[in-house]
Amino acid sequence: MGGDNLNTHNKTVLGKISYTNAWPIFHYFDPKKLTHPVEMVTEVPAVLNQRIHEGTLDLSAMSSFAYGMESKRLMVLPDISVSSKGEVKSILLFSKKKIEDLGSGTIALTNTSATSVNLLKILLTKFYKLSPAYISLEPDLPSMMEHADAALLIGDSAIQASWTDHGYYVYDLGERWFHFTNQSMTFAVWAVSSDYANCHSEVIHEISDAFISSKAKILQELTPVIDEAIQKIGGTKSYWYDYFTNLCYDFGENELQGLQLYFRYAHELGLMEHEVRLDLWNENKLIRVTE
């Protein structure tokens, strides 16, 4: 087609993460109710990240690490994220031995998320002083454990593996990060192209408000996303209630500080080539300029 970039003049192309943990922010978000036309693209983070990189998405939910890679040309929407202060419950390291003993071992990484992979590397390198070997495999616990001493799983595959009786040590990366840093960890942000935001401030304002009201509405009554999760993934009402209420969907000062620390460590350890300066989108930027 080749017309993706032309679309941005008459409609906003918006990326939606297909993972469970982002459902609450999208559940009541209805593009048809907006005054400005929006085209939704639902994909796994890797595909959305690539489309942001190519410039064929104007605004997207995206993994924090991928935002960091593109931070020079993106702004983060305030008040929405997927974060946790402590346990995240869906980013888990399964290990045949204690984490302290993995230094000479091999760890199988999921090939679906750079944020979690780099969080694990930060934890093991900086705090445990370990340098294991890493291999990247499809997210399937039994086959990963055939090739490695430990396996990192994220999202729905991590959740389902946590329900099985496998006998491994299990480490929650959100909990480990909080243990060592006393900070929250942000796994996904909503980011907008700076060029697009500067020209379409009122559109971004409307979309941002719609996300925030979707979040507020679902957090008052979680039953719709709990029912959907049971139907699609399995589990119990009490499990999913704990899962969704445990996550933090805000992006305020705490989340900002935790994410800045994550980026600083990623840069220090050579996982991120450049330092990341977080730019928050603010609808008043335009107003201040014109006053």
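This text goes through a predicted model, starting from a sheet and moving to the helices and one loop residue.

The sheet is open and has 5 strands, in the order β2-β1-β3-β10-β4, with mixed pairing. At its edges are β2, residues 38-43, and β4, residues 74-84, each of which pairs on one side only. On average, neighbouring strands of this sheet are turned by 25° against each other, with direction ignored.

Within the sheet, β3 (residues 59-63) and β10 (residues 185-193) run antiparallel and are joined by 5 bridges. Leu59 takes part in this pairing, and its bridge partner in β10 is Val192.

Two helices can be placed against these strands. Helix α10, made of residues 201-220, packs on the sheet and touches β1 (12-17), β2, β3, β4 and β10. The direction of α10 makes about 5° with that of β4. Helix α13, residues 253-268, lies across β4 and β10. Relative to β10, α13 runs at about 95°.

Helix α13 also packs with another helix, α5, which spans residues 114-127. The angle between α5 and α13 is about 70°, and their axes are 10 Å apart. Because angles of 65 to 115 degrees count as roughly perpendicular, α5 is roughly perpendicular to α13. The crossing in which α5 passes α13 is left-handed.

Which residues of α5 and α13 make the contact? From α5 come Ala114, Thr115, Asn118, Leu119, Ile122, Lys126 and Phe127. From α13 come Tyr262, Tyr265, Ala266 and Glu268. Sorted by class, the contact of α5 with α13 has 7 nonpolar residues, 2 polar and 2 charged.

The last stop is a loop residue, Leu222. Leu222 sits in the loop between α10 and α11, the latter covering residues 223-232. Is Leu222 buried or exposed? Its relative accessible area is 5%, and since buried means under 20%, Leu222 is buried. Leaving aside residues up to four places away in sequence, Leu222 touches Tyr241, Phe244 and Thr245. As for Gln260, 38 residues separate Leu222 from it in sequence, and the two are 30 Å apart in space, C-alpha to C-alpha.

Definitions and conventions
Residues numbered from 1 in each chain as written. Predicted model: local features only at pLDDT ≥ 70, side-chain atom pairs only at ≥ 80, totals over all residues. Heavy atoms only, no water. Pairing = 2+ DSSP bridges. Helix = DSSP H or I, 4+ residues; strand = E, 2+ residues; numbered from the N terminus. Axes fitted to C-alpha atoms, helices over the stretch in contact; angles between N-to-C directions. Contact = heavy atoms within 4.5 Å. Parallel < 35°, antiparallel > 145°, perpendicular 65-115°, else oblique. Left-handed = near helix turned anticlockwise from the far one by under 90°. Nonpolar A, V, L, I, M, F, W, Y, C, P; charged D, E, K, R; others polar. Buried < 20%, exposed > 50% of the residue type's maximum accessible area, 1.4 Å probe, protein only.
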